[in-house]
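Reader: I would like a close look at how the side chains pair and pack in this model. Please start with the packing, then go on to charges and cysteines.

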Amino acid sequence: MAIKLANKKEKKRFLKTLYERSRENRHPHSIMFELTYKCNFCCPHCYLPGGHQAKKELSTKQVFSILDQLRQMGVYHIGFTGGEALLRKDIFEILGYASCSGFRVGLLTNGYLIDEKAASKLKKIGVDRVDITFNAMSPKIFDTLTGVKGSFDKVKKAVHFLKKKKVDFVLKSTTMNINKEEIPLVSKFARELGVIYTIDGEILPCRDHNEQWVEQFSIAAEEHERLRRIVHPEMFTGNRPASKSHKVRGKMFNCGVGVNSFSITPYGQMNFCLEIGYPKHDILKEGVRSCWEKIKKEVDAMNRRKDFVCKDCDLFELCGWCPGRSYIEGNGFNACSEFFKHRAEERKAKERRKKWLKEKF
């Protein structure tokens, strides 16, 4: 039974309370569910390695069973992703079942398979939000990044179909060397459509620890910051207070891992998050609740480590270090990430320059 709230302010307050309580009680709130690793694109910067297709993925019945368990645990939001989730023949059955079960339903997709009929189905089912990756306004660059000729035209049409059917959607880009000049153009396109647009400057190493594309496509932190100021100028106007770090020194995991979130693979395995293919607890054998309790214990043990590598680092407050990033770099969870260390050093140097200029002038 849906809860009807009087206005947006009341809804925002309710959802904030719901989220905060989930963290306090360590109760799963937001789950990412990978439905398949198959994909119709071949993006070079994707963190998923090939070779997954041979393994048997969850059946419709098994997905429904997992959704039932998540509902019984009081999970609020499920984001369905892949690979490309729309490649599953039962995708609309799954989305419909999740919606009817009372979840807030999100779909992360490349958009290529969304025609007018699919957009109508998404609207009818009641999918709350669709996230579409849109990395360029240049057809040539867009198609280069997807590895599929004509993908720009197909995805742009998908965006207009969603707009026409009044499906809530957002556009997302990853900032890279190849598309950095395209980002302001995509931002303009999103503003014309009246939809949210987000950018991410981190290219993840592949889950098999291959960092080839990270080195080839990544841009400097300052360049990403420049693009953020162009894309979201309202965030940098007036006397906005500097954002404070919520990290706890000495604690390895400062995110939702082991607190109120986890991810599920197409094979029914529970992991810390999408980026980390660990610890692969078997939901089909043990059940969702049992796997979740195991993850909480593992995270607690990691957070109690006396030898935590970042504990006494002078870059701690400036660093966006993630144990998952160290893990997929192939160094284990308790290791410094060269990527985040370099970013933190850039921030420290920038702060020093600002301080020097302030004192001098």
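Author: What follows goes from the nonpolar core to the surface, then to the salt bridges and the cysteines. Keep in mind that this is a predicted model.

Start with the core. In soluble globular proteins, nonpolar side chains tend to be buried together. Here, the largest nonpolar core has 81 residues. Which residues have the most contacts inside it? They are Leu67, Leu70, Phe80 and Leu171. Helix α11, residues 288-303, gives the most to this core, with 6 residues. A second, separate core has 8 residues. Met32, Tyr37, Tyr47 and Leu274 are among them.

Take Phe80 as a worked case. Set aside its neighbours within four places in sequence. What is Phe80 then in contact with? On the earlier side of the chain, the partners include Phe33, Leu35 and Leu67. Ile94, Leu95 and Ala98 are also in contact with Phe80. Val105, Gly106, Leu107 and Leu108 complete the list. Leu67 therefore comes up twice: it is a contact of Phe80, and it is named with Phe80 among the core residues with the most contacts.

Now the surface. Nonpolar side chains also appear there. Trp356, Leu357 and Phe361 form a nonpolar patch on the surface. Together they have about 400 Å² of accessible area. Leu357 lies in helix α13, residues 338-360. Leu357 is partly exposed, at 43% relative accessibility.

Next, the charges. The count comes to 17 salt bridges. Three pairs are worth a look.

Arg71 and Asp68 meet through their side chains, 3.9 Å from N to O. Both lie in helix α2, residues 60-72. They are 3 residues apart, about one turn of the helix. Arg71 is partly exposed at 39% relative accessibility. Asp68 is partly exposed too, at 22%.

Lys172 and Asp131 form another salt bridge. Their closest N and O atoms are 4.0 Å apart. This pair links distant parts of the chain. Lys172 is in strand β5, residues 169-174, and Asp131 is in strand β4, residues 129-133. The two are 41 residues apart. Are the partners buried or exposed? Lys172 is partly exposed, with a relative accessible area of 23%. Asp131 is buried, at 8%.

Asp307 and Arg305 form a salt bridge as well, with the closest N and O atoms 2.8 Å apart. Asp307 is partly exposed at 47% relative accessibility. Arg305 is partly exposed at 36%. Salt bridges that share partners also join Glu116, Lys164 and Lys165 into one network.

Last, the cysteines. How many disulfides does a search of the whole structure find? It finds 0. Why do Cys39 and Cys42 have no bond to the closest cysteine sulfur? Distance is the reason. A disulfide needs the two sulfur atoms within 2.5 Å. The sulfur of Cys39 is 6.2 Å from the closest cysteine sulfur, in Cys43, so it is too far for a bond. For Cys42, the closest cysteine sulfur is also in Cys43, at 7.5 Å, again too far for a bond. Cys39 is partly exposed, with a relative accessible area of 37%. Cys42 counts as exposed, at 59%.

How values were computed: Residues numbered from 1 in each chain as written. Predicted model: local features only at pLDDT ≥ 70, side-chain atom pairs only at ≥ 80, totals over all residues. Heavy atoms only, no water. Buried < 20%, exposed > 50% of the residue type's maximum accessible area, 1.4 Å probe, protein only. Patch = residues over 30% accessible without salt bridge, like charges linked within 9 Å, V, L, I, M, F, W, Y side chains within 5 Å. Areas by Shrake-Rupley, 256 points an atom, 1.4 Å probe, with all protein chains shown as cover. Helix = DSSP H or I, 4+ residues; strand = E, 2+ residues; numbered from the N terminus. Core = buried A, V, L, I, M, F, W, Y, C linked by side-chain atoms within 4.5 Å. Contact = heavy atoms within 4.5 Å.
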